[in-house]
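Reader: I have a model open on my screen and would like to learn how to read it. Could you walk me through it?

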Amino acid sequence: ALEQIIKRYQQQGQSLFRDNAAVNIVLVSDEQHGCVAPETRGDLSDPAGALARIEAAIKINSKAAAVKVHGITPSPTPAVNIMPSNVLPYKLVIDRSLGKWFNIALGSNNYSSVMEQIISAPADITSADFFLPARASAIAGVEVNGVATMNYKFDGTSKVSITGLDPQKVVDIVIRYR
């Protein structure tokens with residue numbers, strides 16, 4: 001469903017999310033897993049790969065800074081190990097994205113307290129993507145609170161990813177580029 005709405009926005013020449021948004025996806029299901037379309041299946045034993053595909057789909061359409069997956073699903077059981085190859089347990093992707101997970105079997109049909117916990121929790125993003133206002137050929141330097149850092153990656157065009165940030169602290173970030 002997310003992929004379909006992203007494609008619809010792309011066809012209209014619009015971004016689904018604002019620049020530098022922290023995107024939170026909440027899965028609600030009475031199953032431990034979802035089926036995956038054959039064209040996006042990939043290696044379903046790899047939650048990191050599944051998360052990377054979700055992030056890539058979002059970031060192709062918009063300049064979101066971070067993507068986190070949360071879920072209200074049943075707890076995986078030992079049967080997870082014998083699931084068909086076309087499924088990936090939701091919880092593995094949720095855990096990989098550092099999202100919050102809630103066991104649907106332990107709750108009621110009122111998810112307001114769960115949603116409150118998801119949106120009121122402090123951000124725990126230790127890496128963030130920043131998009132330069134123009135194409136750059138090189139990064140001349142990155143500073144966090146006035147101190148030079150090498151904890152960044154440059155994609156060669158306009159995205160700079162900075163790692164090692166303390167999500168509990170407000171920081172000033174300066175990116176110099178050519």
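Author: We will go through a sheet, its middle strand, a salt bridge and a loop residue. Please keep in mind that this is a predicted model.

Reader: Happy to start with the sheet. What is the order of the strands in the open sheet, and is the pairing parallel or antiparallel?

Author: The three strands run in the order β1-β3-β5, and their pairing is parallel. At the edges sit β1 (22-28) and β5 (101-103), each of which pairs on one side only. On average, neighbouring strands here are turned by 10° against each other, direction ignored.

Reader: How many bridges join β1 and β3?

Author: Seven bridges link β1 to β3 (residues 66-73). You can follow the register on screen: Ala22 has Ala66 of β3 as its bridge partner, and Leu27 has Gly71. On to the other neighbour: β3 and β5 pair over three bridges, again in the parallel sense. One to look for there joins Thr73 to Asn103 in β5.

Reader: Which way do the side chains of β3 point?

Author: The general idea comes before the case. In a regular strand, side chains alternate between the two faces of the sheet. In β3, Ala66, Lys68, His70 and Ile72 point one way, while Val67, Val69, Gly71 and Thr73 point the other way.

Reader: Are those residues buried or exposed?

Author: All of them are buried. Buried means under 20% relative accessible area. Since eight of the eight residues of β3 meet that cut-off, the strand is largely enclosed by the rest of the structure.

Reader: Let's turn to charges. How many salt bridges are there?

Author: The count comes to one. Its partners are the side chains of Glu143 and Arg176, at 3.1 Å from N to O. Glu143 belongs to strand β7 (residues 139-144) and Arg176 to strand β11 (residues 173-177), so the pair ties together parts 33 residues apart in sequence.

Reader: How accessible is Glu143, and how accessible is Arg176?

Author: Glu143 is partly exposed, at 22% relative accessible area. Arg176 also counts as partly exposed, with 42%.

Reader: And the loop residue, where does Thr149 lie?

Author: Thr149 is in the loop between β8 (147-148) and β9 (152-154). Even so, Thr149 is buried, with a relative accessible area of 15%.

Reader: What does the side chain of Thr149 reach, and which residues does Thr149 touch?

Author: Its side chain reaches the backbone nitrogen of Asn151 at 3.0 Å. Leaving aside residues up to four places away in sequence, Thr149 touches Val142 and Val144.

Technical notes
Residues are numbered from 1 along each chain as its sequence is written. This is a predicted model: local features need pLDDT of at least 70, side-chain atom pairs count only at pLDDT 80 or more; totals for chains, interfaces and linings use all residues. Side-chain values use heavy atoms; hydrogens and water are left out. Two strands pair if DSSP finds at least two bridges between them. Helices (H or I, at least four residues) and strands (E, at least two) are DSSP runs, numbered from the N terminus. Axes are lines fitted to C-alpha atoms, for helices over the stretch in contact, and angles run from 0 to 180 degrees between N-to-C directions. A salt bridge is a side-chain nitrogen of Lys or Arg within 4 Å of a carboxyl oxygen of Asp or Glu. Buried means under 20% relative accessible area, exposed over 50%, partly exposed in between (1.4 Å probe, protein chains only). A polar contact is a pair of N or O atoms within 3.5 Å; within protein, one must be able to donate a hydrogen and the other to accept it, and residues adjacent in sequence count only if both atoms are side-chain atoms. Contact means heavy atoms within 4.5 Å.
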